[in-house]
Structures are given as structure tokens and as C-alpha cells.
Amino acid sequence: MSTSTPLKSIFKPFHISSKKAGASKASTSPFSVLPSRELPVPPPDAPRVLVIGAGSRGTAYAKALVHPPSNVDSGELVRGVVVGVAEPDDGKRKRFSERYILCADEEKLEFSDWREMVTEEGKQRVTKVGVDGMLVCTLDHTHEEIILSLRSHFPTTHLFSEKPLTVSLQSLLRIQSSLRATPQIIFSIGHVLRYAPLLISLKKLLCEEQAIGDIIHIDWTEPVGHWHFAHSYVRGNWAETATSAPSLLTKCCHDVDILMWLLCSPHYRDPSAGNIEEELVPKPTHAGVPGIGVRRNPHLPTRITSTGTLVHFRKKNKPEKAGHATNCLECPAEHECTYSAKKIYLRDNGLRTGWPNKIVCPDIEGFTIPPDYEKVQSLLTSALKRDYATAETKSSGKPYYGRCVYESSNDVIDNQVVTLTWEDTPPSTGEKPNSPGYSSKTATLTMAGHTQAICERRGRVYGSRGEVEFSAATNTITVHDFISGGSRAIDPQKFGGSGHGGGDFGLINAFVGALRAVKNLGWDLERAQREWIGMDIEECVRNHAMVWAAEEARVGQKIVKWGEWWDNAIKQA
């Protein structure tokens, strides 16, 4: 039996219109076409946000805020206003301002660098406009400096950071210390998967409804995608550990977070939560069903192991026919190579002006639709020609998208498996001895770089009373019941045009919802953090730290005991 589950019956503010959502994704559309529909003007007291970094992620969140998915009831949206941007690239800054900063000209804030914001003149401008929240959407290694500076110069401004929060454990703990300090603020992290309808539905099935009883094992796969891995982790910004971080952190920190979310913090029905329909204010994602936002003491893993290596993208795998060529545009084996830059950017992607081509050449993003294809091809070809002769002539951390994947300076691994193990733990004080969620269990995360699917997570969950399989590719969850022997399929509604299966919209809607709850509705910070964001800085830091524990297990070929490891990490900080 298959049932289509509109989110209106599960969560607020995700009320869906009667028309079923489309299956389009921002990342698979040739161009960045904005949805056309009339939306009510945000009220004068709507939360105001400023975006630092107008790249792919900053643009995605701004788009989701200004142009939310067309199948979301506009009456249920938490409207916010983008009032500013800090971006060093003139073209990106101009395009961002024209598309997403829709306030009066005298209120627009445009900075060529985030450091301009923290000058006396910059702070006066920000204060005059009244910025409630800032989104840090720059490259990973810049996050710590920016966050610590913002905490110093704008101590009461709420913050969002793109994931990962930072690139080292020591840096992570310094950020934690800053965010713990007074004055307290709302803080959110870019773990978009938590806010995707498919995974919200999975969380409800497993943790609240306990549809398959006690969870015994989760088998989770992140299929990165063969050419996507080459684009981002061989040629791109995240190719080298020294200038970025391990691929488990940069690609899969939110996959680790999801496993911790599902297995560490059991939920239960709380009769005191009341009837959600009695609430006059739209309820946040995690509190849309009684009990879904009630968190108990976390049941933490006891052991972590991991294996993995850089398997394919090495010089020994270079086609013999390629000879001494280091750039795809001059390679005799180009037409036969899976990872040919000409194939990926000029042929397979049809000269599109969106992702991934706009990463290779940002200038093409500003072209009209349809663009001048000859000009697009000329600019992309010119960008792909950029290369270096030797390691000494390579600019550190700079991406070279035309470079041979077998002659690149990449060192992050392309295949990894992480195993998390939990032991039986007594329930929290005041709970029944047989309270669910504290039994022994395991989880495996597979990061596979060589896949056909691109970032469409899939997996199975094995329980004491049944089994669940899920797929982001088909947007389905199938529940198999051991008692009845029957199966049922659940098809969560999708948010058309919002990346990460609707998670981009869900995340920014939750952040702005928390800001509105504090600013306009009189909520205290703790309540807004818990009920709208659904996690606090402690959980965010712990789930990030789990990645470094897994990396230590992989590199050292050992079993890491989480409790001891975490205690030592805190002592050494």
C-alpha cells in the first residue's frame, strides 16, 4: 500500500497546498530560474538577515527565503527580509543584491568584505538598519575568524553557520566557548538534512511512532556521485586536507549528524504538549507533533571505528594513452575518460550557467536566459585551461577544474566506512526501566565517491518489529512489519525548487522562525532554540567531534572509545 503524506498532517509550518509537489531540484536544473508567484509583503517587523558569502550556499538560503517553494502555503511561511550581503566578488555581490535584497535602497547593506562590517562605520550602518541574524556562508576555514569577530562586534545578533562549523577540533572548541558566553543568542548550523521532509518523516516513524520497535542497526549510504566527487574533492575547494579538511567532515558531517539525531536522542509522546491545532502561532518543524521536540538525555555511542582510503584518483590509474598531459583540454585520452573536464562541463552539462559550471566560471551566472552559448563556451574553456606546471607553481588551495584528476594535488579519501556502536544504557532518572531508545545498537555510514546517484541518500533501518528502507532518489519510505507481514510505502511531499530535498527551505525557515519567536512573540532564547532549531551548540559540537573521532580511528587503525576520547579532547583544549 502506498500513501502520499502531505506534511500538513505531520508538521507546521510545512503546510502543503492540494497540488502535489513537483520533483524538480535546484541542482539538476540547467538554470537558476526563480519560481513565479505573488507572495505577501513581509511585515515591517519581520526578521532581518544579512548573508556573508554570496556563493552557492549563501545564494541557496537567500533564494529559499525570498522565493520559497511554490507548493508551500504562503500563509504558513515565516517571512524574513534579506537586507545585506558581504561578498568580495563584485559580480556575485551585485547579482545577489539585485535578486534577493528587496528592501528600500537606503536600507540595503552591501560590503565587499565582512571585515568592513566590523569597522566603526560598518557597525553603525548595520545597527541603523537593524540586523537580527547573520548567515556565515563562506569557505569552511574562514568560519572561526568570522564567528568570533561577530560575537565580539555584534554580541546580540543571532548567527547561522554553513556546515561544517570549522575545520579542526581545536577551532571547534574555541567556537563553542564563544557561543556559550553571554549574551546568549540563537545559533543554527547548516545541517540541512534535518529539515528535509523525507528525513523528518523518517525521524517521526522511528523515534516517535517506533514503527519498527527498538532500532537495532542503521545502514546509511551517502552516494557522492562520481563526477561530483571529482569536481569538489579532486579539482575543487575541498581536495586537500591541508587547505580544507578530511572529506568525511566536509562532505558527510551532516550524515554523521543525522545518525546521531536518530539514535542518540530518543523521543516519546508527551501528553502535556497539548493539541497543536490549538496553537495560534505556526509551530516549528520539530514541535509540529506532540512529543517530536521533547528531548531526553542523549544515548551516546561507546565505540567508533572507520576504514577508508583514496582509491581511484591517483596517478597510477591515469590512462596510458594520456601520456604526459596534465590538462583535459590537451589530453589525447579525453574522449575516453570518465572524468574529462570537457565532458563534464562543456558536453554533459549542456553549457548550463548554474551549478557546477558557475563554480568553474562565476561570471556566467549573471547571463540572461537563454544565454549567449558561444560566450558561455568561451569563458568556460578559458577557465578550464588554467593549470600549473609543477607543485611549486600551484596556488595553495586554488581549484583547477581542467586539471587531470590523476595528476591533481588531492589527498582526501574517496571511499570510507564508519561504524558507530552503542551499548545498553540505563534510562534517565525518572523514566521507566524499559523506556525505548537506550538499547545496544549499531550504525554504519558509507561515503561512496564512485556512484551514479549524486547525494541522494539511501539506507535501511533494522528494528525489533520491522524494517524500513528509504531513498532520497525516489523520495519514498517503505515500512515492513514483521507482525502482520505487510508493507506500506510513504511518499512525503517535496518542496519543488529547494535543494537537499527541501532542506534548504526548511532550515532557513526554522532559523527565521526562531528569530521571529524571540523578536516578536516574546519567546525566551532557550525555547526558540529547542523548538525551532531543534539542536543546541552542545549537540552541534558533539556531532562534529564524532567526525574527528572517526578520522582518528581510521588513521590510527584502532577502536576509539568515545567517552575517553571526548574527555581527553576537552582537557587538551
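Here are three short exercises on the aromatic rings of this predicted model.

**Exercise 1: a pair in a helix**

Work out which kind of pair F229 and Y233 form, and where the two residues sit.

*Solution.* Start with the wider picture: searching the whole structure turns up 14 aromatic pairs. For F229 and Y233, the ring centres are 5.1 Å apart and the planes meet at 35°. An angle under 30 degrees would count as stacked and one over 60 as edge-to-face, so this pair is tilted. Next, find the two residues in the chain: both belong to helix α8 (residues 226-234), and because they are four residues apart there, about one helical turn separates them. Last, check the surroundings: F229 and Y233 are both buried. Ring pairs also join these two with W238, F313 and Y339 in a cluster.

**Exercise 2: a pair in a loop**

Decide how the rings of Y388 and Y400 are arranged, and say whether the two residues are buried or exposed.

*Solution.* First take the distance, which is 4.9 Å from centre to centre. Then take the angle: the planes lie at 70°, so the pair is edge-to-face. Now place the residues: Y388 and Y400 are 12 residues apart, each in the loop between α12 (373-384) and β10 (415-422). As for accessibility, Y388 and Y400 are both buried.

**Exercise 3: charges over the rings**

Find which lysine lies over the face of Y400, and which residue has its charged end over the ring of Y388.

*Solution.* Begin with Y400: K398 lies over its face, 5.8 Å from the ring centre. Turn then to Y388, where the charged end of K394 sits over the ring at 6.0 Å from its centre.

Key. Residues numbered from 1 in each chain as written. Predicted model: local features only at pLDDT ≥ 70, side-chain atom pairs only at ≥ 80, totals over all residues. Heavy atoms only, no water. Phe/Tyr/Trp six-rings, centres within 6.5 Å; stacked < 30°, edge-to-face > 60°. Buried < 20%, exposed > 50% of the residue type's maximum accessible area, 1.4 Å probe, protein only. Lys NZ or Arg CZ within 6 Å of the ring centre and 35° of its normal.
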